[in-house]
Amino acid sequence: MRIDVHSHVRLKDGRLDVEQCHSLINAADRLGIDQMWCSHPISRGMPEPEEIRQGNDAVLAAMRLYPDRIRGLCFVVPGWHRESLAEIDRCLDQGMIGIKLYNQYFINDPVVFPVIEKAIEEGVPVLDHAGHLMDNATRRLQPRISDGVHFADLARRYPEAILIMGHIGGGGDYEWSLQALADAPSVYADTSGSVIDEGMIEYAVRLLGAERLLFACDLSEEAGVGKVLNAAITEEQRQAIFAGNAQAILAQRRAR
C-alpha cells in the first residue's frame, strides 16, 4: 500500500478543479498510490477566512468525488483564532483527517499554539510547509517558513502533538533541518518535493529512523515514488515509509 500524505487540489472559477482532480487520481493509479492526503493552502499573504473556507470546500468536494482515494487536510491561518478553530471543527466533522499550515507563521510562534492544542485534542496530525532556505531572494519571499529548529522547539513544548515537517525534497538544506529533528522524536518528515538527491532517503532513515518518515509527493508523483523505491533500505523500512507510519497516525484520531 502507498499513502501520499502531501498532495493538493486546485480551484477553478472558485470551485474544485475537477479535471485536475481526475488527473491526480490518474497519476496515482499509474504509480500504485492508494490514497492521497490533500489540502488547498494559500501561500500568499494573510488570506481572509472566506477564501480559506473556499479552498477547504474544494478539498471536501474532492473527497466526495473520490471517497476511497482522497482524504482531506484542513488549511487554516492561525492568526484568525476563533475562525481557525471553528473551521477545523467544520472540516473534521465532514471527514478531514488533519490540519495543514503554510508560511504565514513559524510553527513555534505562540499564535499557532491554539491550533496545535486543537490537533492534540482531536488526535490529528499537523502538516506544515517547511524548508531551510539558503538564498536571500527566496527567504525574502517566505520570511516565516519553518525549518527543523522551529519544529524541534514546538515538539519540546507539545511532545504529544503529531507534527509533520513538509517536503524534505522541496529545496534548501534538508540535511540541516533533519539534523535539528534528531532529538525531537515526535516529529515526522515527509519525503516529498522535486529534489531527488541520491542518498536522501537513506540519510533520513539513518538520522531519524524509517518509523519517522512519511511517503509524500507534493504533486511530483514520479519523483516521489521513485526516490523511495530506489532507496537502499530494507523492504520493511520501505513499507513503513510508504504506508505503515501514516496508518499509525490515522489510528490516533479521536472519534467525533
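## Report on a predicted model

At 56% relative accessibility, Asp93 is classed as exposed, because exposed residues are those over 50%. The model described here is predicted. Asp93 belongs to helix 3, which covers residues 81-93. Its C-alpha is 7.0 Å from that of Arg256, although 163 residues separate Asp93 and Arg256 in sequence.

His167 falls in the other class. With a relative accessibility of 7%, His167 counts as buried, because the cut-off for buried is under 20%. His167 sits in the loop that runs between strand 8 (163-165) and helix 7 (174-180). The table sets the two residues side by side.

| Residue | Location | Relative accessibility | Class |
|---|---|---|---|
| Asp93 | helix 3 (residues 81-93) | 56% | exposed |
| His167 | loop between strand 8 (163-165) and helix 7 (174-180) | 7% | buried |

The side chain of His167 makes a polar contact of 2.9 Å with the side chain of His129. Leaving aside residues up to four places away in sequence, His167 touches His6, His129, Ala130, Asp190, Ser192, Gly193 and Asp218.

One of these neighbours, Asp190, leads to the sheet. Asp190 stands opposite Leu214 in strand 10. Strand 9 (residues 187-190) and strand 10 run parallel and are joined by 2 bridges. The open sheet is formed by 8 strands, in the order 1-4-5-6-7-8-9-10, with parallel pairing. Strand 1 and strand 10 (213-214) are its edge strands, each pairing on one side only.

Helix 1 spans residues 18-31, a run of 14 residues. From first C-alpha to last, helix 1 reaches 20 Å, close to the 20 Å expected at 1.5 Å a residue. Its buried residues are Gln20, Cys21, Leu24, Ile25, Ala27 and Ala28. Viewed down the helix axis, these buried residues fall within an arc of 155°, so they line one face of helix 1. Glu19 and Arg30, on the other side of helix 1, are exposed.

What lies over the buried residues of helix 1? The cover includes strand 1 (3-8), strand 3 (15-16), strand 4 (35-39), helix 2 (49-65), strand 5 (70-75) and helix 9 (221-229).

Both ends of helix 1 can also be described. At the N-terminal end, Asp17 acts as a cap, with a side-chain oxygen 3.3 Å from the backbone nitrogen of Glu19. Just after helix 1 comes Gly32, which has a positive phi of about 70°.

Methods
Residues are numbered from 1 along each chain as its sequence is written. This is a predicted model: local features need pLDDT of at least 70, side-chain atom pairs count only at pLDDT 80 or more; totals for chains, interfaces and linings use all residues. Side-chain values use heavy atoms; hydrogens and water are left out. Helices (H or I, at least four residues) and strands (E, at least two) are DSSP runs, numbered from the N terminus. Buried means under 20% relative accessible area, exposed over 50%, partly exposed in between (1.4 Å probe, protein chains only). A polar contact is a pair of N or O atoms within 3.5 Å; within protein, one must be able to donate a hydrogen and the other to accept it, and residues adjacent in sequence count only if both atoms are side-chain atoms. Contact means heavy atoms within 4.5 Å. The expected span of a helix is 1.5 Å times one less than its number of residues. The arc is that of the directions from the helix axis to the C-beta atoms. Two strands pair if DSSP finds at least two bridges between them.
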